[in-house]
Amino acid sequence: MSDVTDPHDLLGVEWLALGCDPVRDTDWCPPGDPPPVVPAKQFDRPQIEAAAPLTVYTGAECSAPGWTYEEAVDHALANLALGEQAGVEAAFMRAFLAPNADDLTPAEGPVSVAQGIAALEGCLGERYGGIGTLHVPTGAAALLGCCNIVHEDPATGALRTLTGNCVVIGAGYSALNIGPDGLPAEPGTAWLYATGPLVIRRGPVDVIPDRAASVNIRTNDRRVLAERTYVVGTTCAVCAINVSVCP
């Protein structure tokens, strides 16, 4: 994640996908008499990918005589700091993960967490040439200890699978918990997603409004907003699977 100050960096970005095209093999001396014609080599045009901005915010409201402007600002900033990651995760799931994912859930229904991770990593391995990212709700996190699915990287402290893919455990994913159809998961199940690596741009925190405009003179209530804009980009594969989180 990188902090940016130029507002143009937060308007959304486009790039050429890398690692999404297949690497094929060829046979220079095919057997046969006479030898068959060697097929022409194939060329792939890079795909244009994009990431749109998303903004998360929290608002604080109280009676103006009981709350100074500074206290309202401090309260809003503290709330944003505590819930910001979950807000970004929920927004990313709603705006990008769910609408773009291929559902790998079998017709029989939800699978175990271990089976789900295996299916998602298979999807990543087939569609992307690098290290990917698994997006896991906090409600399923405890089950990742089963079968040695995830371990902590001693060098960075990041969570990784046995194949090296990164694991992001998110409260926002758990709170929203929607599938590719946009519907919430059935009770006792959770949606897991897999993508390519994440590139995150984060803007500064904006506090709105200023002191003079923070009080509604009709109600005598003070309102303060703290918000921040992000651009979250990823590449190639977006896969999803519904897993059971019941024992």
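This passage walks through the pocket, salt bridges, surface patch and backbone details of a predicted model.

A good place to start is the largest pocket, which has a volume of about 370 Å³. Its lining is made up of 16 residues, and those closest to the centre of the pocket are Q85, V88, E89, V168 and I200. Two or more lining residues are given by each of the elements α1 (69-100), β9 (166-170), β11 and β14 (221-233). Helix α1 provides the largest share, with five residues. In chemical character, the lining divides into 11 nonpolar, two polar and three charged residues.

I200, one of the residues closest to the centre of this pocket, deserves a second look. This residue belongs to strand β11 and has a relative accessible area of 21%, so I200 counts as partly exposed, the cut-off for buried being under 20%. I200 also illustrates how the fold brings together separate stretches of the chain: I200 and V231 are 31 residues apart in sequence, yet their C-alpha atoms are 5.8 Å apart in space. A second pair of this kind is V245 and S112, with their positions 133 residues apart in sequence and a C-alpha to C-alpha distance of 7.5 Å. V245 is placed in the segment after β15 (238-244) and, at 24% relative accessibility, is partly exposed.

The salt bridges come next. Side chains of opposite charge can pair when their charged atoms come close. The model contains seven salt bridges, and three of them are described here. In one of these, the side chains of D3 and R202 meet with an N to O distance of 2.6 Å. D3 is part of strand β1 (residues 2-3) and R202 is part of strand β11, so this contact ties together parts of the chain that are 199 residues apart in sequence. D3 counts as exposed because its relative accessibility is 55%, and the threshold for that class is over 50%.

Another salt bridge joins D44 and R24, whose closest N and O atoms are 2.9 Å apart. Both residues sit in the loop between β2 (13-16) and β3 (48-51), at positions 20 residues apart. Both partners also fall into the partly exposed class, with relative accessibilities of 34% for D44 and 40% for R24.

R127 and D102 form a further salt bridge, in which the closest N and O atoms are separated by 2.5 Å. Here a helix is linked to a strand: R127 lies in α2 (residues 113-127) and D102 in β5 (residues 102-103), 25 residues apart. R127 is partly exposed at 33% relative accessible area, and D102 is likewise partly exposed at 37%.

On the surface, L77, V205 and V207 come together as a nonpolar patch, and their combined accessible area is about 180 Å². V205 is found in the loop that runs between β11 (199-202) and β12 (206-208). With a relative accessible area of 31%, V205 is partly exposed; that value satisfies the patch criterion because patch residues need over 30% relative accessible area.

Several backbone details round out the picture. The peptide bond that joins I208 and P209 is cis, with omega at about -5°. P209 is placed in the loop between β12 and β13 (215-216). Two residues that are not glycine have a positive phi: C147, at about 60°, and N177, at about 50°. Each lies in a loop, C147 between β6 (133-137) and β7 (150-152) and N177 between α3 (171-176) and β10 (189-195). Their surroundings contrast, however: C147 is exposed, with 57% relative accessibility, whereas N177 is buried, with 12%.

Technical notes. Residues are numbered from 1 along each chain as its sequence is written. This is a predicted model: local features need pLDDT of at least 70, side-chain atom pairs count only at pLDDT 80 or more; totals for chains, interfaces and linings use all residues. Side-chain values use heavy atoms; hydrogens and water are left out. Patches are made of residues with over 30% relative accessible area and no salt bridge: like charges are joined within 9 Å, nonpolar side chains (Val, Leu, Ile, Met, Phe, Trp, Tyr) within 5 Å. Accessible areas come from the Shrake-Rupley method with a 1.4 Å probe; for residues, only the protein chains shown count as cover. A salt bridge is a side-chain nitrogen of Lys or Arg within 4 Å of a carboxyl oxygen of Asp or Glu. Helices (H or I, at least four residues) and strands (E, at least two) are DSSP runs, numbered from the N terminus. Buried means under 20% relative accessible area, exposed over 50%, partly exposed in between (1.4 Å probe, protein chains only). On a 1 Å grid over the protein atoms alone, a cavity is a set of points where a 1.4 Å probe fits but cannot get out, and a pocket is an open set with protein on both sides within 12 Å along at least five of seven lines; lining residues have an atom within 4 Å of a point. Grid points are joined across faces, edges and corners, and a volume is the space filled by probe spheres set on the points. Ala, Val, Leu, Ile, Met, Phe, Trp, Tyr, Cys and Pro count as nonpolar, Asp, Glu, Lys and Arg as charged, and the others, Gly among them, as polar.
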